[in-house]
Each structure stands twice: as C-alpha cells, then as structure tokens.
Amino acid sequence: MTSAALDMREVGMVYPTATGDIEALADISFSVAPGEFLAVLGPSGCGKSTLLALASGLEFPTAGHITVSGRPVAGPITDVGIVFQTDVLLDWRRVLGNVLLQIEMRGRDPALFRERALGLLRMAGLGGFEAKYPFELSGGMRQRVSICRALIHDPPLLLMDEPFGALDALTREQMVLELHRLWFEARKSVVFVTHDIQEAVFLADRVLVMTPRPGRIAEILPIGIAHPRHPTTRETPEFIGMVAHIRKLFLDTGVLKDNQ
Amino acid sequence: MTPLAAGGAPAGLPAVQSADTGRGRARRRLPASVRSALMLFGVLIAWEIAVRLARVPVYLLPPPSVIALRILQDWRLILAQTWVTSAEVLMGFGLSIAISIPLAAMLFQWRWLEETLYPLLVASQTMPKVAVAPLLVVWFGFGLAPKILIAFLICFFPIVVDSLVGFRSLPKEVLWLAKSMGASPGKTFFKIQIPAALPHIFAGIKVAATLAVVGAVVGEFVGSDTGLGYQLIVANGSLDVRLSFAVLIVLSLIGIVLFGVVDLVERLLLPWHISQRRAGPRRAGELE
C-alpha cells in the first residue's frame, strides 16, 4: 500500500502573542492521496497558510501528527515544490537561472537540468524568455517561472499558497487553466490554498473548506467532475451546484453575510 | 498575455522604457553628464569674470585660470602628495568595506549580537571623529596608520547600517524556499542573501566613498608631514591661497574618482537593479 502524499491527524496550532495565545488551527485531519489535487478554501486569516507552513516542515504543530509520504515531519521537507503568492524570483538571475536555482541549491549540476528547465518553460508558455530578467516580465509570467522552479526537480508534492492571488482576473483564469493542464499531465499531489471558490472547484479533486479562526475543517467536499476540465466546465450544473453549496457553507459559518 | 519587453533589447540594458514616466521629456534634453559639465563650465566662467571685474586680490580669491595654472606649475609636488592621500583613502575605505559587510552579516544572523552591539555602534558614531583624531595620533604616531583608521572610522558606519537594511529586506518566503531546497545556511547566504543585499550595500559604500577623503584629510590635519591635508595647512599658513585652492580641487577630484569607480562597479555588478531603477520613476539617485 502506498502511503499518503500528506497526512495530518488532529493537528492544532497555537501561537503565543503578547496579548495572549492565538489559536490558528484546531482539530485538522485529512490526507492527500498520491496524485490528488486538494484545494484548501477559506477566508483570510483562517490559518490556510499556516497549514502549508506545517506541511512543509517550516513550522511545527502544537498538537497532532503530520506525515509526508509516510515519514513524520521533523524539519523542512525538501521533497516538495513550493509556490507562494508572490513569485519571490531572484531579481539578479535570468529566468533560466531562477528555475535552476532549485537544482543549484540542492548541490546538483544545473547543466544536467538545462534541457528540462527549457522544456518546462516552453510548456508554461515562456519559450524564448529564458534569458530575460524577472523585471522584464509581467506578473503572470513571473508566477509561471516560479511554478517552473517548483517543478524542475520533479517533486511528488506541490504546495501552492494562493499562487494567483496577486494576478488580475483574466490572467488568473488563464493560469488556472494552465495549472490544471500541467497537473493533469504530471499528476503530482497538490495542496492548493485559495480563497476563490470557483478556482478551488475547478482545479480540485476535493475541496477542504475551512471555518474562520480558529481554522477548523467545515467540510471536505469531493468534486465529482471528470478530468480534464475545460473553460466550459464552469457552466455545467455540477460545477454551479458545487459553488452554490460552498457559498451556502460560508453563509452558514458566517464567512459571508447576507445584509438584506 | 502581452509579450511585454519581448523586443530585442540587448542584455543588461533597460528594455522597459515607458514614455509616460517623464523619460519622454528627458530624452529631448542633453545627456545629464553634458548638462553637468556645461553647468560647471558656466560657474567657472562667471567666477573668472566676477573676480576680474571686481578686482578681488589673488590672495583672497584667485580666478579659476590662476588656480589651474598653479596646479600645472606645481604638478610634481601635488602629484606626490596626492599619492600619499590617495593611499590613505583607499586603505581606510577598503578596510571599512572588508570589515563592515561581514559585521553586518553577523548582526543580521545573530539577533542577540545586534541587540548588544548596535547601540554601542551608534554611540561610537555620535563621537566626533575629528575629536578622536588627536588621540589616534598619540597612539599610532604620525605615519599612515592614524589616517587610515580615521578614514575607516568615518566610512564603516554607513556601510554597516545600509548592509543590515539590505539583509533584512529579503522576504521571509525566499528563506523558506531555500530551506525547502535543502540548502545549507552558507549556500543560502552567498547565493541569495548577499546578492539580494548588494543594492543596499552599494548605497552604503557610495556614501562611504565620499567620506573617506574627509577622514584621510582630518588625519593629516592633526599630525602629518605629507599628504594633501598637510599641504593645505602649509599653504594656508603662508597665505598661499592659490595652492590652497589647487589642493582643494585635487581633493575633490579624488572623491569624485572614487565615487565614480564605485558607481561603475555597481553598474557592472547589478545590471538588473540599475535598469529597474531607470525604468521606474525618477529618483534622487539620478541627480548624481
């Protein structure tokens, strides 16, 4: 039996602050199967990003257990690709150099990964841009480079923290389509944090909906829509039903309020 | 997606030149360097004419032509003194760079060290260097050492402060990313933290470059028998205003050349940063 790509059992997280403890997460239990796309959906400040920090071993929970590929998390996980809301590209490296940073920092020979990096960039629609500096690219292109950087070493698990949050609506929709295609071809386990209901439903196998602070799991919702999905998927009754269901969940938990 | 900046701009040159940031108007003017030169030339002409028309005695304010002549006449003496002062400036400046950047890195790495040392550093800076200079002469004699030390003392603080700001300016996500790549702290430092801090480090070094000359001259004022500072004291003592002006001009030339070299190195090392700065709104740095 293959172990889950990521497994959390009764995880809780409490931050001590000057004005008392803040409970960021409580009683979080879920697991991500190999190749599964899990979207974590919740309002701002519900501890979504904390969840990713815990999953990547950058922070440690105050309660519960976390395993990645069956191994308990005891320090920063390196078998992973991370994409943040900001692209955090290094301004002094060209596009190719930014992608290959992942390889250099791992102490491997970047020359061996050059072709793969160029291939990834082409796949991300950045063919011919490998010698540009980040400041010469638009926001969407920069974020694509950072996704390539997260994929170059072929990690089994991809952690994405609102990666399209800083992009304009149209670019965002395009990026969602491209990410879906990329995932459909590579079939990596993905944990995708977002506050966008449509984005979550469109991309995910399952959507984990969270409540406001302390972040708890409101519901884990399987999205039974077949892959691959297309722009028109958004107009299907299943899609609209799922979105409506989640919106109702947010109304019930007080994330959204009807002012009428 | 617009193929922004997809045009074939040569590498390292600003490819993004939006016309709506004021650059459009600037382009029709003469280049900044030519404008500065013309301005300087105009001031010199006005000075020359004013002094001659008002019949100001040469021992009070010599016209530029007389000063230039004096530099040409005494070039051997001035060159010899310039070497001495330049050596002091360069060594003090170099020493401050060599010590300040690692010091800033250590302060950044170890919070407790910063908390302990930073107030002391600030306190040491509030002490006027000019007042410390005589002490250094007492301790280290009339040779090179006290001049280098004073230049160093004046230079190191701005470099430390700016470098520290530079190290801190890196978003924490980048360091997380480095950890997820399994990178050692050393590798993270040299491949990511140092390059990220370089623009700030250079800002500090530029300030220091202009201060280094002051440091060396102060050292020479207090106790020396060579160097441009010493020559200035001698010239003033004998009311040789022409020589005083000649020395002043050479001193400022040393400062300008040092600054220019730092600026050039910055342009070569940080093409990504310079170009970004030029594409953006005009900033004070462009007035240099």
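How many bridges pair strand β1 of chain A with β2(A), and in which sense? The answer is nine, and the two strands run antiparallel. Keep in mind as you look around that this is a predicted model.

## The four-stranded sheet of chain A

Strand β1 covers residues 6–17 of chain A, and its partner β2 covers residues 20–32. If you want a spot to find the pairing on screen, go to A:Val11, which stands opposite A:Ile28 in β2(A).

These two strands belong to an open sheet of four, with the order β2-β1-β4-β5 and antiparallel pairing. At the edges sit β2 and β5 (71–72) of chain A, and each of them pairs on one side only.

## The six-stranded sheet of chain A

Chain A also has an open sheet of six strands, ordered β6-β7-β8-β3-β9-β10, and here the pairing is mixed. Why do β6 and β10 (217–222) of chain A each have one side without a neighbour in the sheet? Both stand at the edges with a single partner strand, so one side of each stays free of a neighbouring strand in the sheet. On average, neighbouring strands of this sheet are turned by 15° against each other, ignoring direction.

Further in, strand β3 (residues 37–41) of chain A runs parallel to strand β8 (residues 189–194) of chain A, and five bridges join them. One place to see this is A:Ala39, whose bridge partner in β8(A) is A:Phe192.

## Around A:Phe192 and the nonpolar cores

A:Phe192 turns up again in the largest nonpolar core, which has 84 residues. Together with A:Val191, A:Phe192 has the most contacts inside that core. Helix α2(A) supplies the largest share of the core, with seven residues.

So what does A:Phe192 touch, leaving aside its neighbours within four places in sequence? Its contacts are A:Phe37, A:Leu38, A:Ala39, A:Val40, A:Met160, A:Leu203 and A:Ala204. Apart from this core lies another one, of 51 residues, which includes B:Val137, B:Val213, B:Val217 and B:Val218.

## Chain B: helices throughout

Chain B has 12 helices and zero strands. Of its 288 residues, 32% count as buried. Looking at contacts in chain B between residues at least 6 apart in sequence, 76% join residues that are at least 24 apart.

For one helix pair, take α4 (residues 75–109) and α11 (residues 241–269) of chain B: they pack at an angle of about 40°, with axes 11 Å apart. The crossing of α4(B) and α11(B) is right-handed. On the α4(B) side, the contact is made by B:Ile78, B:Thr82, B:Thr85, B:Ser86, B:Val89 and B:Phe93. The residues from α11(B) are B:Ala246, B:Val250, B:Ile254 and B:Leu258. By class, the residues of this contact are seven nonpolar, three polar and no charged.

## Where the chains meet

Chain A puts 26 residues in contact with 26 residues of chain B. Which elements give two or more residues to the side of chain A that touches chain B? They are β6 (80–83), α2 (95–105) and α4 (139–151) of chain A. With three residues, α2(A) gives the most to that side.

Sorted by class, the side of chain A that touches chain B has 15 nonpolar, seven polar and four charged residues. Two of the elements there have already come up: β6 of chain A is an edge strand of the six-stranded sheet, and α2(A) gives the largest share of the 84-residue core.

Note on methods:
Residues numbered from 1 in each chain as written. Chains lettered and ligands numbered in written order. Predicted model: local features only at pLDDT ≥ 70, side-chain atom pairs only at ≥ 80, totals over all residues. Contact = placed C-beta atoms within 7 Å. Nonpolar A, V, L, I, M, F, W, Y, C, P; charged D, E, K, R; others polar. Axes fitted to C-alpha atoms, helices over the stretch in contact; angles between N-to-C directions. Left-handed = near helix turned anticlockwise from the far one by under 90°. Pairing = 2+ DSSP bridges. Core = buried A, V, L, I, M, F, W, Y, C linked by C-beta atoms within 7 Å. Buried ≥ 20, exposed ≤ 12 C-beta atoms within 10 Å, placed from the backbone.
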